[in-house]
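Grab a viewer and work through the exercises below at your own pace. Each one sets a task and then walks through a solution.

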Amino acid sequence: MEKSILKDPGLYVMVSIGLLIMIFLPIMMDMFAIMQITQYVVLSVYALSLAYIWGYGGILSFGQSCFFGLGAYTFAVASINMGSTSLPFILAIIIPALFGVLLGYFMFYGRLSDVYLGVVTLVVTLIFWKLINHTAGPQYAIGDARLGGFNGIPSIPILNMPTANGQMMDPIQMFVTFMAILIMVYVGLRLLIASEFGRVSISIRENEVRSSLLGYDVRRHKVVVFSIGCGIAGMSGAMWATYQTFIDPNAFSLEMSAKALVWVMAGGVGTLAGPIIAVVILQWISLKLGQLNIINNFVLLGLILVPLVLILPKGLLPTVKQWSQDLWTIWKKNKANEGDTIIKESETVNAGRRK
Amino acid sequence: MSDQEILRTTGLTMRFGGVTAVNNVNFSIDHEGELRCLLGPNGAGKSTFFKCLTGQLVPTEGTITFMGEPIAGMDTHEIVNLGIGIKTQVPNLFNGLSAYDNVRLAAKRKHLKRQAIEKTFDMLSNCGIENLKGSEVGLLSHGQRQLIELAMVLAAEPTLVLLDEPAAGMTGEERDRLAFLVKEVTKTASVIVVEHDMAFIKQIAKNVTVFHRGEIFAEDDVKKIMKNKSVQEIYLGKSADAA
């Protein structure tokens with residue numbers, strides 16, 4: 001039977017945790033730590049974009065960084081040209097989403113699936129990466145914004161407060177805003193997944209043939225799901241650009257795409273909270289390993305990931321859920337057995353008395 | 001019952017590179033409630049023919065009209081929404097869901113919430129699978145999965161029902177139930193059945209179309225087809241006599 005999303009305690013727990021972090025972290029921690037954590041927030045939004053299209057649409061994109069980079073560059077170019085940041089931020093969602101519609105149209109209406117889809121998304125990302133890397137020189141400029149090739153675009157404006165006229169956000173305000181965006185994206189996706197549209201997406205993921213035989217337009221549906229994911233990835237790119245005030249072609253890199261895949265895989269495909277947790281844990285580990293400077297942190301990260309995949313093939317969150325369910329069943333069983341024993345004992349005592 | 005022509009294919013051809021899977025097939029279902037069996041060895045082009053009818057494949061040449069409307073080249077979901085339902089050779093179900101939920105999803109395409117639930121229970125009981133309603137379909141046998149998919153197809157109340165090897169993997173009892181059910185379906189819809197099981201064909205069919213190498217080889221009354229020497233020798237072998 002269908003269960004209303006609004007009755008799911010998980011949603012409220014996650015939102016409450018998010019709100020508590022948003023309100024209390026700036027009070028409890030120093031500015032440097034908050035700036036570090038802001039990074040995790042941005043990357044969590046990015047991870048959610050893939051968590052949604054892969055976990056709930058069955059679309060395995062190897063090129064999520066394409067849309068992340070596109071959003072980042074859109075924001076950079078538009079904000080440098082316009083001076084304000086609100087409209088560029090919106091453009092950084094719309095343009096990647098539209099590009100997602102275009103790419104999705106060719107992929108899904110061309111009936112590509114599985115590995116071919118992965119290859120196409122991967123190659124498109126590489127094309128962008130190569131292309132932007134070759135835009136060094138003053139001739140490659142859009143308005144006042146020079147693309148800068150492999151040197152990237154420096155001095156990207158910091159996000160303005162949408163209310164106060166032109167006032168730049170300080171790091172704390174940026175953290176709070178980004179946390180609010182993360183919570184909104186999370187809640188928005190949960191509601192979308194629970195809607196009729198979301199259920200059809202899941203049915204397509206589960207069995208594409210039967211979904212179309214039930215009369216659903218599978219291809220159009222996939223294009224929409226894909227472009228929503230692209231829009232979210234684009235937004236996280238804009239958040240990244242304004243957070244760093246700098247962007248270079250590495251936003252389009254394979255490393256960036258692979259990271260999204262790893263976070264979703266480690267957190268649990270088919271969950272939204274899992275990838276967020278994975279971002280925090282894995283990025284924190286990477287940061288600490290980077291500081292050690294003993295061994296290449298990618299090698300160490302790989303060494304952590306291999307056992308992680310072997311021990312938790314379903315990912316972090318689904319496994320923890322499974323374990324806690326198992327423990328609960330065992331605990332309940334023990335409790336019932338204890339009850340039985342007490343009843344038996346009292347029966348024996350009573351029987352003894354009767355004698 | 002109306003006498004409107006249900007389905008007609010003219011010169012239907014499907015090629016895959018150098019292989020012609022369906023070749024110049026002129027086939028028709030002339031009136032509502034007609035039940036036709038398609039016969040033929042593996043690779044004769046029966047399933048490809050079905051896939052052309054449901055838009056899963058776009059035919060290389062030829063036309064298909066369903067209830068007077070040309071449908072060749074249309075998308076699957078559009079054709080399905082016009083009223084064609086198919087039970088595929090390998091059942092396509094939502095494996096993680098229960099039988100009840102699978103059928104309800106199909107019923108919901110045609111009915112509002114409450115009616116959809118009623119329809120679901122009707123279909124489950126008609127197909128004799130009420131006892132499976134809570135079972136996860138991924139864990140069931142092939143025969144049981146066939147019945148669940150059939151219930152899904154019928155829940156959407158199609159005008160034309162295509163059944164691709166529905167009796168495969170069924171027990172004798174399940175097969176009898178299926179034969180009864182198929183006959184029931186013809187009260188409201190036309191049915192095309194692809195099947196190898198001769199006993200089952202004898203049970204249900206009046207008219208049979210024999211496919212061979214992508215072409216229609218013979219089309220006649222079931223008894224005449226059974227007696228047709230060339231059909232027997234080439235396609236049915238000894239099983240026709242045995243059945």
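**Exercise 1: a residue and its opposite number**

Which residue in β2(B) does Arg8(B) stand opposite?

Solution. This is a predicted model, so we're reading computed geometry throughout. Step one: go to β2(B), where Ser28(B) stands opposite Arg8(B). Step two: look at how the strands run, and you'll see that β1(B) and β2(B) are antiparallel, joined by 7 bridges. Step three: pick another bridge of this pair, the one that links Arg15(B) to Thr20(B) in β2(B). Step four: check the connection, which is a hairpin with 2 residues between β1(B) and β2(B). In that turn, Gly17(B) has a positive phi of about 60°.

**Exercise 2: build up the open sheet of 4 strands**

Work out the order of the 4 strands in this chain B sheet and find its edges.

Solution. Start with the other partner of β1(B): residues 7–16 of chain B (β1) pair with residues 61–66 of chain B (β4) in the antiparallel sense, over 5 bridges. Two of the partners are handy landmarks: Leu7(B) has Phe66(B) as its bridge partner in β4(B), and Thr10(B) has Thr63(B). Next, put the strands in a row, which gives β2-β1-β4-β5 of chain B, an open sheet with antiparallel pairing. The edges are then β2 (19–29) and β5 (69–70) of chain B, as each pairs on one side only. Last, add the helix: α1 (residues 46–53) of chain B packs on this sheet and touches β1, β2 and β4 of chain B. The direction of α1(B) makes about 115° with that of β1(B).

**Exercise 3: the sheet with mixed pairing**

Lay out the open sheet of 6 strands in chain B, and explain what is special about its edge strands.

Solution. First, the order: β6-β7-β8-β3-β9-β10 of chain B, with mixed pairing. Second, the edges: β6 (84–87) and β10 (215–221) of chain B each have a single partner strand, so one side of each is left without a neighbour in the sheet. Third, the twist: on average, neighbouring strands here are turned by 20° against each other, direction ignored.

Now zoom in on a parallel pair. Strands β3 (residues 35–39) and β8 (residues 190–194) of chain B share 4 bridges in the parallel sense, and Leu35(B) stands opposite Val191(B) in β8(B).

Finish with the helices. α1(B) turns up again, lying across β3, β6, β7 (160–164), β8 and β9 (207–212) of chain B, at about 150° to β7(B). Helix α5 (residues 142–155) of chain B lies across β6 and β7 of chain B, running at about 175° to β6(B).

**Exercise 4: size up the pockets**

Describe the largest pocket and the second largest pocket by volume, lining and character.

Solution. Take the largest pocket, with about 1600 Å³ of space. It has 42 lining residues, and the closest to the centre are Tyr56(A), Ile193(A), Arg199(A), Ile202(A) and Arg205(A). Then ask which elements contribute: two or more residues come from each of α1 (9–28), α6 (171–194), α7 (196–206), α11 (273–292) and α13 (316–354) of chain A, together with α3 (99–107) of chain B. α7(A) gives the most, with 7 residues. By character, this lining splits into 22 nonpolar, 7 polar and 13 charged residues.

Move on to the second largest pocket, at about 630 Å³. Among its 23 lining residues, those closest to the centre are Ser113(A), Glu208(A), Val209(A), Val218(A) and Lys222(A). Here α5 (114–133), α7, α8 (208–213) and α9 (218–244) of chain A, plus α2 (76–82) of chain B, each supply at least two residues. The lining divides into 8 nonpolar, 7 polar and 8 charged residues.

**Exercise 5: decide where to be careful**

Find the elements with the lowest and highest confidence in each chain.

Solution. Chain A first: its average pLDDT is 89, with 94% of the residues scoring at least 70. Its lowest mean is 78, in α13(A), and its highest is 96, in α9(A). Recall that α13(A) also helps line the largest pocket.

Chain B averages 87, and 95% of its residues score at least 70. Helix α10 (residues 239–242) of chain B has the lowest mean pLDDT among the elements of that chain, 44, while β4(B) has the highest, 94. Over residues 238–243 of chain B, pLDDT stays under 50, and the model has 7 contacts beyond four places in sequence for them. Where pLDDT is low, the predicted coordinates shouldn't be read in detail.

Notes:
Residues are numbered from 1 along each chain as its sequence is written. Chains are lettered from A and ligands numbered from 1 in the order in which they are written. This is a predicted model: local features need pLDDT of at least 70, side-chain atom pairs count only at pLDDT 80 or more; totals for chains, interfaces and linings use all residues. Side-chain values use heavy atoms; hydrogens and water are left out. Two strands pair if DSSP finds at least two bridges between them. Contact means heavy atoms within 4.5 Å. Axes are lines fitted to C-alpha atoms, for helices over the stretch in contact, and angles run from 0 to 180 degrees between N-to-C directions. On a 1 Å grid over the protein atoms alone, a cavity is a set of points where a 1.4 Å probe fits but cannot get out, and a pocket is an open set with protein on both sides within 12 Å along at least five of seven lines; lining residues have an atom within 4 Å of a point. Grid points are joined across faces, edges and corners, and a volume is the space filled by probe spheres set on the points. Ala, Val, Leu, Ile, Met, Phe, Trp, Tyr, Cys and Pro count as nonpolar, Asp, Glu, Lys and Arg as charged, and the others, Gly among them, as polar. pLDDT is the predictor's confidence in each residue, from 0 to 100.
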